[in-house]
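Dear colleague,

Here is the structure that I promised to pass on to you, and below it I have written out what was found in it. Please keep it open while you read, so that you can look up each place as it is mentioned.

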Amino acid sequence: MQVLESLLNDFTKELGPINKIADLLNLKAKYIGKQGPLADVMKNLKDATPEEKRTIGAKANELKQSIEALFSKKMQELELADINASLEKDKVDISLTDSVMEKGLQAAGYHPVTIIQQEIEDIFISMGFEVLDGPHIEDDYHNFEALNIPATHPARDMQDTFWFADKKHLLRTHTSTIQVRGMKERKPPFRFVGPGKVFRCERTDASHEMVFHQLEGMMVGENVSVGNLIYFMKTLLTEIFKKEVEVRLRPGFFPFVEPGFELDIKCLICGGKGCSVCKQVGWVELLPCGMVHPNVLKAGGIDPEKYNGFAFGLGLDRLVMMRYGIDDIRHLHGADLRFNSQFKSF
Ligand code: DAH
């Protein structure tokens with residue numbers, strides 16, 4: 001009985017400082033395992049009187065249950081501590097407050113070319129134009145042949161082209177390809193614009209890039225005139241620059257238009273007096289355009305005896321640079337967040 005009485009005390013004392021599951025299992029074995037003091041007491045019971053057997057047996061059982069209860073409680077505590085420790089160790093920081101992510105979010109907004117493109121699309125939509133898309137990878141036919149530039153034509157030299165190995169496909173050198181596809185899919189009268197990236201195999205410098213952006217425009221109907229062309233271009237430019245602009249046409253050569261023009265605007269910086277932006281000329285060359293060549297209409301499945309039209313190709317990067325005072329076109333593709341984040345919205 002004495003042994004039994006002190007056992008629970010001893011067990012409790014030893015249990016206190018234990019903080020590992022293995023130690024706890026050992027402690028349990030030490031007290032109520034096969035070689036433990038409790039087992040000894042039970043073994044010795046065979047020599048005791050029936051009365052002693054009953055009281056000591058009952059006491060031993062009670063003791064065993066108490067020890068088991070303390071053991072289970074401690075076990076639960078240690079298991080929980082284990083789980084918490086491993087959670088702490090494998091913690092994933094999902095807040096990601098630093099560096100790239102943060103900067104990316106601050107920079108979120110539109111690229112300046114996208115801003116101008118969307119603005120111009122809106123202006124044309126308000127004037128009844130559709131907005132069309134076209135593939136970057138084109139074939140010789142859509143990029144040259146159908147635009148009245150046959151294989152032997154020297155005008156091909158004006159555009160340095162990225163050809164694919166099959167010698168049939170290329171990265172489109174201009175958005176005029178959209179004219180060809182647009183004409184085939186509709187019947188006159190129609191008017192549409194087609195913005196997008198174009199590619200030229202060129203050496204890059206402050207004003208030349210291999211990838212840049214154009215917005216093609218085309219209007220075809222029964223009595224389209226140069227007057228219509230000037231009207232739409234003037235309206236467009238007045239909307240973009242938010243002030244009345246003066247325009248002039250000079251002759252320009254492009255195989256897909258006849259007559260072809262270079263449309264200039266009176267320099268917005270110096271008002272026509274002459275400055276470094278207009279190279280002292282007073283006018284800035286902005287937009288090539290013209291009346292659609294009959295061969296181009298034919299290639300588009302349109303009868304040039306009945307219909308005519310105008311077309312133009314607007315360089316978006318140049319406009320962006322003029323609008324925001326950007327002095328190097330390479331900034332536009334630099335992917336430098338310090339640059340990009342300056343143009344958040346319209
Ligand atoms: N496609 C020409 C180029 O990239 C630009 C152009 C000129 C487009 C005259 C036109 C146009 O639609 O009429 O150089």
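Just after helix α11, the residue G325 takes a positive phi of about 65°. Please bear in mind, here and throughout, that this is a predicted model.

Helix α11 itself covers residues 316-324, and within it L316, D317, L319, V320 and M321 are buried. If you want to see what covers them, look at α6 (112-126), β5, α9 (226-241), β8 and β9, since these are the elements against which the buried residues of α11 pack.

Three of those names come back when we turn to the ligand. Its shell is made up of 16 residues, among which H174, S176, R200, Q214 and E216 are the closest. By class, this shell has 7 nonpolar, 7 polar and 2 charged residues. Looking at single atoms, you will find a nitrogen atom of the ligand 2.9 Å from an N or O atom in the side chain of H174, while an oxygen atom of the ligand is 2.9 Å from an N or O atom in the side chain of Q214. The backbone takes part in the list as well, with an N or O atom of A311 lying 3.1 Å from an oxygen atom of the ligand. Taken alone, the ligand exposes 360 Å², and the protein buries 93% of that. The elements that give two or more residues to the shell are β5 (211-221), β8 (283-292) and β9 (308-315).

The last topic is the aromatic rings, of which a search of the whole structure finds 12 pairs. In one of them, the rings of F190 and F192 have their centres 5.6 Å apart and their planes at 15°, which is under 30 degrees, so this pair counts as stacked. F190 counts as buried because its relative accessibility is 7%, and F192 counts as buried because its value is 1%.

How are the rings of Y324 and F343 placed, stacked or edge-to-face? Their centres are 4.8 Å apart and their planes stand at 70°, so the pair is edge-to-face. This pair links distant parts of the chain, with Y324 in helix α11 and F343 in the segment after α12 (337-340), 19 residues apart. Y324 is partly exposed at 29% relative accessibility, whereas F343 is buried, with a relative accessible area of 7%.

Finally, ring pairs link F124, F129, Y231, F232, F310 and F312 into a cluster.

With best wishes

Methods. Residues numbered from 1 in each chain as written. Predicted model: local features only at pLDDT ≥ 70, side-chain atom pairs only at ≥ 80, totals over all residues. Heavy atoms only, no water. Near = heavy atom within 4 Å. Polar contact = N/O pair within 3.5 Å; in protein donor to acceptor, adjacent residues only side chain to side chain. Areas by Shrake-Rupley, 256 points an atom, 1.4 Å probe, with all protein chains shown as cover. Helix = DSSP H or I, 4+ residues; strand = E, 2+ residues; numbered from the N terminus. Nonpolar A, V, L, I, M, F, W, Y, C, P; charged D, E, K, R; others polar. Buried < 20%, exposed > 50% of the residue type's maximum accessible area, 1.4 Å probe, protein only. Contact = heavy atoms within 4.5 Å. Phe/Tyr/Trp six-rings, centres within 6.5 Å; stacked < 30°, edge-to-face > 60°.
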